[in-house]
4 protein chains.
Amino acid sequence: MSTTAPTPLTTRREHPTKGDRTAAAILAAAEDLFAEKGYDGTTLRDVADRVGIRIPSLYNHFESKEALYGAVLERGLGPILELLSSVVAEARASEAPWPPEPRPIVEAMLAVLDARPQLPRLLLRETLAGGTRLSPELRDWIAPIFERAGEAAARGVDEARFGADQVTHLVLAIYHVVVGYYAIAPFYKQLGGHDLLSEEARERQARFVADLVENLFSPNTSR
Amino acid sequence: MSTTAPTPLTTRREHPTKGDRTAAAILAAAEDLFAEKGYDGTTLRDVADRVGIRIPSLYNHFESKEALYGAVLERGLGPILELLSSVVAEARASEAPWPPEPRPIVEAMLAVLDARPQLPRLLLRETLAGGTRLSPELRDWIAPIFERAGEAAARGVDEARFGADQVTHLVLAIYHVVVGYYAIAPFYKQLGGHDLLSEEARERQARFVADLVENLFSPNTSR
Amino acid sequence: MSTTAPTPLTTRREHPTKGDRTAAAILAAAEDLFAEKGYDGTTLRDVADRVGIRIPSLYNHFESKEALYGAVLERGLGPILELLSSVVAEARASEAPWPPEPRPIVEAMLAVLDARPQLPRLLLRETLAGGTRLSPELRDWIAPIFERAGEAAARGVDEARFGADQVTHLVLAIYHVVVGYYAIAPFYKQLGGHDLLSEEARERQARFVADLVENLFSPNTSR
Amino acid sequence: MSTTAPTPLTTRREHPTKGDRTAAAILAAAEDLFAEKGYDGTTLRDVADRVGIRIPSLYNHFESKEALYGAVLERGLGPILELLSSVVAEARASEAPWPPEPRPIVEAMLAVLDARPQLPRLLLRETLAGGTRLSPELRDWIAPIFERAGEAAARGVDEARFGADQVTHLVLAIYHVVVGYYAIAPFYKQLGGHDLLSEEARERQARFVADLVENLFSPNTSR
DNA sequence: GATGAATGAGGATTCATTCAT
DNA sequence: AATGAATGAATCCTCATTCAT
């Protein structure tokens, strides 16, 4: 489903070779499958079939199923974590109440996820699994985000509404509102609901999330 | 090969027999394991080991792994869905703005989940899987809940804040805030955060969710 | 399918007890199943289901699956072997050309098989299996039959037609013509042919076999 | 899970590859075992052991146990059915009484079976099982053979001896005489008889069958 | 780089059998 | 005599991985 297929992080050449293209196709297929069926529910046969190659060929590009999964996570989660890191770091550095204007941030965030709607499911699967299969690298990246998001939020939140000890809950809530939306989309549709990933629905969600965040953080004044 | 189905596998007697106790133990073990590792990640060996029996004995109580999973889901999700159904139905019947007082509802909801913190993970896993393994029975139960929750919310929501077309997003958001909290707890703890399932944390979350709901639905006045 | 269910050979009481009746029902069910699906293809669950009892109850009547199979064979093959033995013994004793009048013998034979059309299949299955599961008892019974049948036939056969060294082939041929007919009946019917076990068909077969035997043994005179 | 079927399992190349040789060895082993012990009595372990490979390797060549059985049947029964088909078709086309000279046909038939004495047992097992595991393909092949054999025989048979309504019985009889001989051979030997598959015995049987057929069809004249 | 073949480990499930009730 | 529960052994089959070509 994902359309962009950048070169894998581990090997960067000037010209994308045929091998690079295969590797990218594998990553794309694996991302979809891991998101849809989870690590244990995805077989290398599934991946190879979707790419149109045979199983052993996968090993020319990735050392193992775990390595492939790691590569998918890294490629997928990297941009998100970078975005979050920078936002959080920025907010941390500034003295202004956080966030000065939530809309751009929310929109940047959702733009990333819109381009790769599988990532939230990947993310959620990882949190459900307790980060079991997260590389130490990725884990070290994630931990401070929550931490700093908490710090930042602590300064921005309307204390009349949420106590300082509720900041963690606030951060987690926003996280779940955002990723949960994408994760539930296929199920919701299948249940008879409309397509949450349609253009309009995603715009509505963007507005909704922005409103929500703004509403939560700002003092009691409606926009 | 067999044509008659000799042993009713779900009959309950007056006195809990040895078999009933074993079945209950299997269900408990399976609930934990399915929540932690997912359907594909859980083996019948895992379940049997945790119960302290041998694998074939599982088949004296459940017809198959899928049937066991179904039983876990039904037993676990039943109370939640009933609660939601009754709340939604009630709200639907009354003319008063919904909910008249969110706190009791939120507390009832969280009380159920507190007693079985695995259920949210089970739920979330199902939504991630697109309800693939949901029995038609359970699916028919879930669909109208979202639907009616939307109707009810449509009457209660502060229209100055959220448009009518955002009600679905609102309902999903609350759902994800609630279940996501439990789902991420083990990961959060492992990442160095505190225990989200501790007494205090759960109380904070209860307050937070109640505040959030109240805040979202009531007009712009803090309590 | 078989309707008569005499008491098992191992226990003969005056009044058929309830247990005896169960044992008979088990034997009847097992005879059908072993004939239809063979020893390996028949499970004790199949047998128990058909009788309407639970598997462990089978063990109140038969020591093991093998013992049950043995009992079925003994009960089923006994009458046939007795008949054959007596015929052969009789022919052996007499000096007259054998058989003086084949019709009665053929008819007696077919009467037994008509009453229990499963037996030929059981028999054929055993010969296919090389008598692997035949009790030594039964095997000792069978061996001399062929032997004596050969001797007898040797005297009766039209030597102008079949050489003495072909007597074995002759005996085997008759054996296969007879038992094969019953064995192939279900398949033949299913292939679109008519029912070989119908009254008329069986009568035709009786006539055919009698003609064949007569024809083979008698000098070149048609009936 | 997989959607495409990547590896054609039955393709034949010009040079027999290693895989082809393995597949042939598997077929040979399976043919013996299925003939000796039947489908249910044969385990893939048996097959693998006889070939000298491990069980999972079987799946590189055949999709399942059933598929392997089907391949054995097709490969084994194909030549027989072809022979029968051609004989029957030929007889059907000609106007001469059938068969003009039975000996060549019987000899051709027995030559095929002599080369693969397991096939008759395979055949007989199938008829005993009611063709349960016969592929529709094979079944469609078999049905018309009996049918046409009946038609052909109807023209050739000595009507003074066998009525038209006995033709089916005649055809079945010949079939059983032929295949039964091979099927019973191991048992007969084990019972103390001589080896029915020895050179001499097979020649005797060939003569016997030819005599029998000739005798049955021709008017009352010995050869 | 691609793949046919092979395989150790393991997965769900069935089966015959036992035993306490 | 009947059976619910338990289980060792085995069955078919899948999976990730390796290796020679």
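Biologist: Is Gln166(A) buried or exposed?

Modeller: This is a predicted model, and in it Gln166(A) is buried, with a relative accessible area of 3%. The cut-off for buried is under 20%, so a value of 3% qualifies.

Biologist: Where in chain A is Gln166(A)?

Modeller: Gln166(A) belongs to the loop between helix H7 (136-156) and helix H8 (167-190) of chain A.

Biologist: Which backbone atom lies 3.3 Å from a polar atom of the side chain of Gln166(A)?

Modeller: The backbone oxygen of Arg204(B) does. A polar contact is a pair of N or O atoms within 3.5 Å, and here the distance is 3.3 Å.

Biologist: What does chain A look like when read along the sequence?

Modeller: The pattern is α-α-α-α-α-α-α-α-α. Chain A has nine helices and zero strands. Of its 223 residues, 53% count as buried.

Biologist: How does one read a helix?

Modeller: Start with the turn. An α-helix has 3.6 residues a turn, so residues three or four places apart point the same way. Length can then be checked against the number of residues. Helix H9 of chain B runs over residues 199-217, which is 19 residues. At 1.5 Å a residue they should span 27 Å, and the end C-alpha atoms are 27 Å apart, which agrees.

Biologist: How many of the 19 residues of H9(B) are buried?

Modeller: The number is 14, so H9(B) is largely enclosed by the rest of the structure.

Biologist: How many aromatic pairs does a search of the whole structure find?

Modeller: Over all chains it finds 16. To class a pair, take the distance between ring centres and the angle between planes. For Phe34(C) and Tyr39(C) the centres are 5.8 Å apart and the planes are at 15°, so this pair is stacked. Phe34(C) is buried at a relative accessible area of 1%, and Tyr39(C) is buried at 12%.

Biologist: What kind of pair do Tyr39(C) and Tyr69(C) make?

Modeller: Their ring centres are 5.1 Å apart and their planes are at 75°, so the pair is edge-to-face. It links distant parts of the chain: Tyr39(C) is in helix H1 (residues 18-41) and Tyr69(C) is in helix H4 (residues 65-93), 30 residues apart. Both Tyr39(C) and Tyr69(C) are buried. In chain A, Phe34(A), Tyr39(A) and Tyr69(A) form one aromatic cluster.

Biologist: Which charged residue sits over the ring of Tyr39(B)?

Modeller: Lys65(B) does, with its charged end 4.4 Å from the ring centre. In chain D, Lys65(D) lies over the face of Tyr39(D), at 4.4 Å from the ring centre.

Biologist: Now the DNA. Which residues come nearest to DNA strand E?

Modeller: There are 32 residues around DNA strand E, and Ser57(A), Tyr59(B), Tyr59(C), Asn60(D) and His61(D) come nearest. Of the strand's atoms that come within 4 Å of the protein, sugar and phosphate account for 67%.

Biologist: What parts of DNA strand E do the side chains of Ser57(A) and Asn60(D) reach?

Modeller: An N or O atom in the side chain of Ser57(A) is 3.0 Å from a phosphate oxygen. For Asn60(D), a side-chain N or O atom is 2.7 Å from a base nitrogen. A polar side-chain atom of Tyr59(B) lies 2.6 Å from a phosphate oxygen of the strand.

Biologist: Which element gives the largest share of the surface near DNA strand E?

Modeller: H1(D), with three residues. By class, this surface divides into 12 nonpolar, 15 polar and five charged residues.

Biologist: Which residues come nearest to DNA strand F?

Modeller: Of the 31 residues around DNA strand F, they are Tyr59(A), Asn60(B), His61(B), Asn60(C) and Tyr59(D). Sugar and phosphate make up 68% of the atoms of DNA strand F that come within 4 Å of the protein.

Biologist: Which atoms of Arg54(B) and Arg54(C) lie by a phosphate oxygen of DNA strand F?

Modeller: For Arg54(B), a backbone N or O atom lies 3.2 Å from a phosphate oxygen. For Arg54(C), an N or O atom in the side chain is 3.0 Å from one. The side chain of Ser57(C) also has an N or O atom 3.0 Å from a phosphate oxygen of the strand. The largest share of the surface near DNA strand F, three residues, comes from H1(B), and the classes there are 11 nonpolar, 15 polar and five charged.

Methods
Residues are numbered from 1 along each chain as its sequence is written. Chains are lettered from A and ligands numbered from 1 in the order in which they are written. This is a predicted model: local features need pLDDT of at least 70, side-chain atom pairs count only at pLDDT 80 or more; totals for chains, interfaces and linings use all residues. Side-chain values use heavy atoms; hydrogens and water are left out. Helices (H or I, at least four residues) and strands (E, at least two) are DSSP runs, numbered from the N terminus. The expected span of a helix is 1.5 Å times one less than its number of residues. Buried means under 20% relative accessible area, exposed over 50%, partly exposed in between (1.4 Å probe, protein chains only). A residue is near a molecule or strand if one of its heavy atoms lies within 4 Å of it. A polar contact is a pair of N or O atoms within 3.5 Å; within protein, one must be able to donate a hydrogen and the other to accept it, and residues adjacent in sequence count only if both atoms are side-chain atoms. Ala, Val, Leu, Ile, Met, Phe, Trp, Tyr, Cys and Pro count as nonpolar, Asp, Glu, Lys and Arg as charged, and the others, Gly among them, as polar. Rings of Phe, Tyr and Trp (its six-membered ring) pair if their centres lie within 6.5 Å; planes under 30 degrees apart count as stacked, over 60 as edge-to-face and the rest as tilted. A charge sits over a ring if NZ of Lys or CZ of Arg is within 6 Å of the ring centre and within 35 degrees of the ring normal.
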